[in-house]
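Welcome, and please open the model in your viewer. We will go from one selection to the next, with a short look at each stop.

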Amino acid sequence: MDIIFLRELKVDMLIGVYEWEKRVPQTLQIDLEIALPNSRACETDDINDALDYSEIVRHIQNVLTSRHFNLLEALAEHIARIILDDFKAPWVKVSVAKLQAIRGSKMVGICVERGAKIAR
Ligand SMILES: Nc1nc2c(c(=O)[nH]1)N=C([C@H](O)[C@@H](O)CO)CN2
């Protein structure tokens, strides 16, 4: 099974349960692993046979900068649904982390896996 990975994408967005977090953007770090429905692009060398990672990132950035989420959990679920439903990936692993939420910690976050890996 082939996987597209994206590491340490930074997005400024409104997220959090406290009042100030609904007004002040925070930087999140996003990591993705996206299983591909097939490995056709490896044979054809054609972007039309690939899952275009730049389109995925653009789509995610648009959604995240246009609304507020309370919880990292809800954000991770929303990103996972976009990748499964809109980009037809069979499986995805989404990690989202706040970089400044916990004093003394580099980051705190959540990782969710959704869908099923296809054995090849
Ligand atoms: N499980 C979670 N716990 C907490 C979250 C969260 O998203 N998931 N968020 C907060 C606050 O927004 C916090 O990050 C503010 O610093 C607290 N706990």
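Start by selecting D85 and D86: both are exposed, and they sit on the other side of helix 3 from its buried residues. Keep in mind as you look around that this is a predicted model.

Now select the whole of helix 3, residues 72-86. This helix has 15 residues and reaches 21 Å from its first C-alpha to its last, close to the 21 Å expected at 1.5 Å a residue. Which residues of helix 3 are buried? Colour L72, L75, A76, I79, A80 and I83 to see them. Viewed down the axis of helix 3, the buried residues fall within an arc of 130°, so they line one face of the helix.

What covers the buried residues of helix 3? Show strand 2 (26-35), helix 2 (53-64), strand 3 (91-98) and strand 4 (108-115), which are among the elements that do. Just after helix 3, stop at K88, whose phi is positive, near 60°.

**A residue inside helix 3**

Go back into helix 3 and pick I83. Is I83 buried or exposed? I83 counts as buried because it has 25 C-beta neighbours inside 10 Å. Setting aside residues up to four places away in sequence, I83 touches I34, I56, A89 and V92. For a longer view, draw a line from the C-alpha of I83 to that of G104: the two are 21 residues apart in sequence and 33 Å apart in space.

**The loop before helix 3**

Next, select F69, in the loop between helix 2 and helix 3. F69 is buried, since 20 other C-beta atoms lie within 10 Å. Beyond its neighbours within four places in sequence, F69 is in contact with I15, A74 and L75; you have already coloured L75 as one of the buried residues of helix 3. Then add G16: F69 and G16 are 53 residues apart in sequence, yet their C-alpha atoms are 6.4 Å apart in space.

**Around the ligand**

G16 leads to another stop, as it is one of the residues surrounding the ligand. Select the others too: V17, Y18, E21, L71, L72, E73, K98 and A101. This shell divides into five nonpolar, one polar and three charged residues. L72, which belongs to it, is also among the buried residues of helix 3.

**Two exposed stops**

Move to E8, in strand 1 (residues 3-13). Its phi is near 60°, a positive value in a residue other than glycine. E8 is exposed, with 9 other C-beta atoms within 10 Å. Then find D45, in the loop between helix 1 (40-44) and helix 2. D45 also is not a glycine and has a positive phi of about 60°. With 8 C-beta neighbours inside 10 Å, D45 counts as exposed.

**Stepping back**

Finally, zoom out to the protein chain. How many helices and strands are there? You can count three helices and four strands, running β-β-α-α-α-β-β from the N terminus on. Along its principal axes, the C-alpha trace spans about 50 × 25 × 20 Å. Buried residues make up 21% of the 120 residues. Of the contacts with a separation of 6 or more, 60% are between residues 24 or more positions apart.

For a last selection, take residues 4-114, which an unreviewed UniProt entry annotates as "domain: Dihydroneopterin aldolase/epimerase". The end C-alpha atoms of this span lie 15 Å apart, and the span is 29% helix and 32% strand.

Notes
Residues are numbered from 1 along each chain as its sequence is written. This is a predicted model: local features need pLDDT of at least 70, side-chain atom pairs count only at pLDDT 80 or more; totals for chains, interfaces and linings use all residues. A residue is near a molecule or strand if its C-beta atom, placed from the backbone, lies within 6 Å of it. Ala, Val, Leu, Ile, Met, Phe, Trp, Tyr, Cys and Pro count as nonpolar, Asp, Glu, Lys and Arg as charged, and the others, Gly among them, as polar. Helices (H or I, at least four residues) and strands (E, at least two) are DSSP runs, numbered from the N terminus. A residue is buried if 20 or more other C-beta atoms lie within 10 Å of its own, exposed if 12 or fewer, and partly exposed in between; C-beta atoms are placed from the backbone. Two residues are in contact if their C-beta atoms, placed from the backbone, lie within 7 Å. The expected span of a helix is 1.5 Å times one less than its number of residues. The arc is that of the directions from the helix axis to the C-beta atoms. UniProt positions are given in the numbering used here, feature names are shortened, and annotations may be inferred rather than shown by experiment.
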